[in-house]
Amino acid sequence: MILYNLYSSCMRPLLFMATPERAHNVVLGLARILSKEPLRSLFAQKVDYRPCEVMGLQFSNPVGLAAGLDKDGDAIDYFGALGFGFIEVGTVTPRPQKGNPKPRMFRIYSARGIINRMGFNNRGVDYLVKNLKKRSYSGIVGVSIGKNEDTPLEKASEDYLICMDKVYPYCDYISVNVSCPNTPDLTKLQQEEELMALLKPLKERQAELTEKHGKYVPLVVKISPDLYDHELQNVCSVCVDLKIDGINCTNTTVSRSIVHGMLHVNEWGGLSGEPLYIHSTRILRKVNNYLQGAIPLIGVGGISGPISAREKLYNGASLVQIYTSLVYQGPSVVKQIVNNL
Ligand SMILES: Cc1cc2nc3c(=O)[nH]c(=O)nc-3n(C[C@H](O)[C@H](O)[C@H](O)COP(=O)(O)O)c2cc1C
């Protein structure tokens, strides 16, 4: 096995000399190459088997890759080989789109955070489906779905339905992203009426697609850490009423309170990584208190090692996901978390 501590001594310093987005593209390019055999086996990371069943799905361990890193599903096999129990790809939209102008990703180095305003840059759902079909990773794969930037909010459900129809046969769960702060007004879809109007047709379509494809694909809703208590309660009651299968707590935050004064924090966008941990865990705890186990929860936001992952589990999560700690610590963080849960 390749020495993974090479990441912090050699690879990260090199990558961090480049802009965050260029570094991201280099890593994804490499990951794509390493997705293929025999390189994949060479770089594979063996982690402990910690099986769990959530939403009726069997996971080899409860640690997943969060949405947004492999938006187009180009390197599912590589990330799978790192030991993740599940991979979430996307967020994908019906049509390809470029996202926001660059620069749109910033390192908050002193806090081990990232601010991003990518804006759902992706190659569109048809491209993603091709990659889903090609994968050899046998673990759980979720797809995060969204709407194109130029689709008006009132028509949002049409975009989500297009994506749902196309990815349904090729994935294990679908995550409905209504919490990205970088697509104009998207987070308004979390308001009670708007959420009901969006999710009801998706639940109805889920029933039709279950019949058509002979398999039930759970629907997860990913929420923002910036919701007020009454909004959170409304989101929870809509999800219970509609029998949503899972809630992902949380996306990135627009709050800067904890990183005030640090370099780049005046950039607009969503903050992830360690400074998000407190916000997202507080939301997770509240959702868990409201729901009392009625809906399984995925805890994401600021997990940087086994202790913060355990805290998410103690606060009600059945599964956890990481993104930013992979950027700062490299692949070894996956093994460290899985083996010490
Ligand atoms: C550059 C970047 C892009 C992201 N893109 C998406 C996305 O497309 N869809 C989504 O649901 N979340 C997206 N996220 C949010 C992550 O999935 C995750 O919820 C958030 O980063 C918190 O986890 P972390 O602190 O472990 O990074 C993105 C995060 C980053 C840093």
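Helices and strands here are DSSP runs, helices of at least four residues and strands of at least two, counted from the N terminus. With that in hand, the model, which is a predicted one, can be walked through piece by piece. Pro38, for instance, sits in the loop that links helix 2 to helix 3 (39–43). The bond leading into this proline is a cis peptide bond, shared with Glu37, and its omega is about 5 degrees. A second case turns up further along: Lys102 and Pro103 are also joined by a cis peptide bond, this time with omega near 0 degrees. Pro103 belongs to the loop between strand 4 and strand 5. Then there is Phe120, in the loop between strand 6 and helix 5. Its phi is near 55 degrees, which is positive even though the residue is not a glycine. These spots are worth pointing out because most peptide bonds are trans and most residues other than glycine have a negative phi.

Now for the overall picture. The chain contains 12 helices and 13 strands. Its C-alpha trace spans about 50 × 50 × 40 Å along the principal axes. For 341 residues, a compact globule would be expected to have a radius of gyration near 20 Å, and the 18 Å found for the chain agrees with that.

Next come the sheets, starting with the barrel. Eight strands form a closed barrel in the order 3-4-7-8-9-10-12-13, and their pairing is parallel. On average, and ignoring direction, neighbouring strands in this sheet are turned by 25 degrees against each other. Zooming in on one pair, strand 3 (residues 63–65) and strand 4 (residues 86–92) run parallel and are held by two bridges. Leu65 has Ile87 of strand 4 as its bridge partner. Helices also lie against this sheet. Helix 10 (residues 306–314) packs on it, touching strand 3, strand 12 (297–300) and strand 13 (317–322), and the direction of helix 10 makes about 145 degrees with that of strand 13. Helix 7, meanwhile, lies across strand 8 (173–177) and strand 9 (219–223), at about 155 degrees to strand 9.

The other sheet to look at is an open one, with three strands in the order 5-6-11 and antiparallel pairing. Strand 5 (105–108) and strand 11 (270–273) are at its edges; each has a single partner strand, so one side of each has no neighbour in the sheet. The average turn between neighbouring strands of this open sheet, direction ignored, is 25 degrees. Strand 6 (residues 113–116) and strand 11 run antiparallel and are joined by four bridges. Within that pairing, Ile115 stands opposite Leu271 of strand 11. Helix 2 (residues 20–34) packs on this sheet and touches strand 5 and strand 6, with its direction at about 100 degrees to that of strand 5.

That leaves the helices that pack on each other. The axes of helix 5 (residues 125–134) and helix 6 come within 10 Å and cross at roughly 20 degrees. Angles under 35 degrees count as roughly parallel, and helix 5 and helix 6 are therefore roughly parallel to each other. Helix 5 brings Val125, Leu128, Val129 and Leu132 to the contact, while helix 6 brings Ile162, Cys163, Lys166 and Val167. Sorted by class, that makes seven nonpolar residues, one charged and no polar ones.

Helix 6 (residues 156–167) also packs with helix 7 (residues 192–213), at an angle of about 30 degrees and with the axes 9 Å apart. This pair, too, is therefore roughly parallel, and its crossing is right-handed. On the helix 6 side the contact uses Ala156, Ser157, Tyr160, Leu161 and Met164, which meet Ala197, Leu198, Pro201, Leu202 and Arg205 of helix 7. The tally for this contact is eight nonpolar residues, one polar and one charged.

Finally, helix 8 (residues 229–241) and helix 9 (residues 277–291) have axes that come within 10 Å and cross at roughly 50 degrees. Helix 8 and helix 9 are therefore oblique to each other, in a right-handed crossing. Leu232, Gln233 and Cys236 of helix 8 make the contact with Ile283, Lys286, Val287, Tyr290 and Leu291 of helix 9. By class, this contact has six nonpolar residues, one polar and one charged.

Conventions: Residues are numbered from 1 along each chain as its sequence is written. This is a predicted model: local features need pLDDT of at least 70, side-chain atom pairs count only at pLDDT 80 or more; totals for chains, interfaces and linings use all residues. Axes are lines fitted to C-alpha atoms, for helices over the stretch in contact, and angles run from 0 to 180 degrees between N-to-C directions. Angles under 35 degrees count as roughly parallel, over 145 as roughly antiparallel, 65 to 115 as roughly perpendicular and the rest as oblique. A crossing is left-handed if the near helix is turned anticlockwise from the far one by less than a right angle, and right-handed if clockwise. Two residues are in contact if their C-beta atoms, placed from the backbone, lie within 7 Å. Ala, Val, Leu, Ile, Met, Phe, Trp, Tyr, Cys and Pro count as nonpolar, Asp, Glu, Lys and Arg as charged, and the others, Gly among them, as polar. Two strands pair if DSSP finds at least two bridges between them. The radius of gyration is taken over C-alpha atoms; the globule rule is 2.2 Å times the number of residues to the power 0.38.
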